[in-house]
Amino acid sequence: MTEKKKKGVVRKIWDFFISVRLTIVLLIVLSGVCVIGTLIPQNESPQHYLQLYSQSTYQLFATLGFLNLFASWWFFFLMTLFTVNLTACSLNRLPRVWRAILTA
């Protein structure tokens, strides 16, 4: 019974990572995050940010990691999740593509 549950959990995780819905959500989130990283100057001095933004906005941006966004832990997490999703989707479709190539 435990082995059956394990296969069920593994299958659910696999289905999650091969989901096109996950791909779309990740692409939308990554696009929005990249826009934020483009609009907010990156890796500037605190004085530069305080000239542009209020103290509370600066603290919010610093807390969220927007001041060095492309090196933040959560951006790496999003990119890793997208990489795993893309790899899983590719591996899932590989047998069908391989058969199509061999029969063509």
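**How many Å² does the accessible surface of the protein chain come to, and what share belongs to carbon and sulfur atoms?** The accessible surface is about 7900 Å², and carbon and sulfur atoms account for 70% of it. Accessible areas here come from the Shrake-Rupley method with a 1.4 Å probe, and for residues only the protein chains shown count as cover.

Before the exercises, a word on the model. It is predicted, so local features need pLDDT of at least 70 and side-chain atom pairs count only at pLDDT 80 or more, while totals for chains, interfaces and linings use all residues. Residues are numbered from 1 along each chain as its sequence is written, and side-chain values use heavy atoms, with hydrogens and water left out.

**Exercise 1. Describe the overall build of the chain.**

Step 1: start with the elements. The protein chain has 5 helices and 0 strands, and from the N terminus on the order reads α-α-α-α-α. Helices (H or I, at least four residues) and strands (E, at least two) are DSSP runs, numbered from the N terminus.

Step 2: turn to the spread. The radius of gyration is 20 Å, well over the 13 Å that the globule rule gives for 104 residues, so the chain is more spread out than a compact globule. This radius is taken over C-alpha atoms, and the globule rule is 2.2 Å times the number of residues to the power 0.38. Along the principal axes, the C-alpha atoms fill a box of roughly 65 × 45 × 20 Å.

Step 3: look at burial and contacts. Of the 104 residues, 25% count as buried; buried means under 20% relative accessible area, exposed over 50%, and partly exposed in between (1.4 Å probe, protein chains only). Contact means heavy atoms within 4.5 Å. Among contacts between residues at least 6 apart in sequence, 67% join residues at least 24 apart.

**Exercise 2. Find the partners of Thr23, and say whether Thr23 is buried or exposed.**

Step 1: place the residue. Thr23 is found in helix H2.

Step 2: check its accessibility. Thr23 has 18% relative accessibility, so it counts as buried.

Step 3: list the partners. Leaving aside neighbours within four places in sequence, Thr23 is in contact with Phe82, Asn85 and Cys89. With Asn85 there is also a side-chain to side-chain polar contact of 2.5 Å. A polar contact is a pair of N or O atoms within 3.5 Å; within protein, one must be able to donate a hydrogen and the other to accept it, and residues adjacent in sequence count only if both atoms are side-chain atoms.

**Exercise 3. Examine the loop between H2 and H3 through Gln42 and Asn43.**

Step 1: locate Gln42. Gln42 sits in the loop between helix H2 (20–39) and helix H3 (46–52).

Step 2: see what Gln42 touches. Beyond neighbours within four places in sequence, its contacts are Gly37, Tyr49, Phe66, Leu67, Asn68, Leu69 and Phe70. A polar atom of the Gln42 side chain lies 2.7 Å from the backbone nitrogen of Leu69.

Step 3: move to Asn43, which lies in the loop between H2 and H3. Its phi is near 55°, a positive value in a residue other than glycine. Asn43 has a relative accessible area of 57%, so it is exposed.

**Exercise 4. Count the salt bridges and describe the pair.**

Step 1: apply the rule. A salt bridge is a side-chain nitrogen of Lys or Arg within 4 Å of a carboxyl oxygen of Asp or Glu, and the count comes to 1 salt bridge.

Step 2: name the pair. Asp15 forms a salt bridge with Arg11, and their closest N and O atoms are 3.3 Å apart. Both residues lie in helix H1 (residues 2–17), 4 residues apart, about one turn of the helix.

Step 3: check accessibility. Asp15 is partly exposed at 34% relative accessibility, and Arg11 is partly exposed at 48%.

**Exercise 5. Which residues form a nonpolar patch on the surface?**

Step 1: recall the rule. Patches are made of residues with over 30% relative accessible area and no salt bridge: like charges are joined within 9 Å, nonpolar side chains (Val, Leu, Ile, Met, Phe, Trp, Tyr) within 5 Å.

Step 2: name the members. Val97, Trp98, Ile101 and Leu102 form the patch, with about 440 Å² of accessible area together. Trp98 belongs to helix H5 (residues 73–103).
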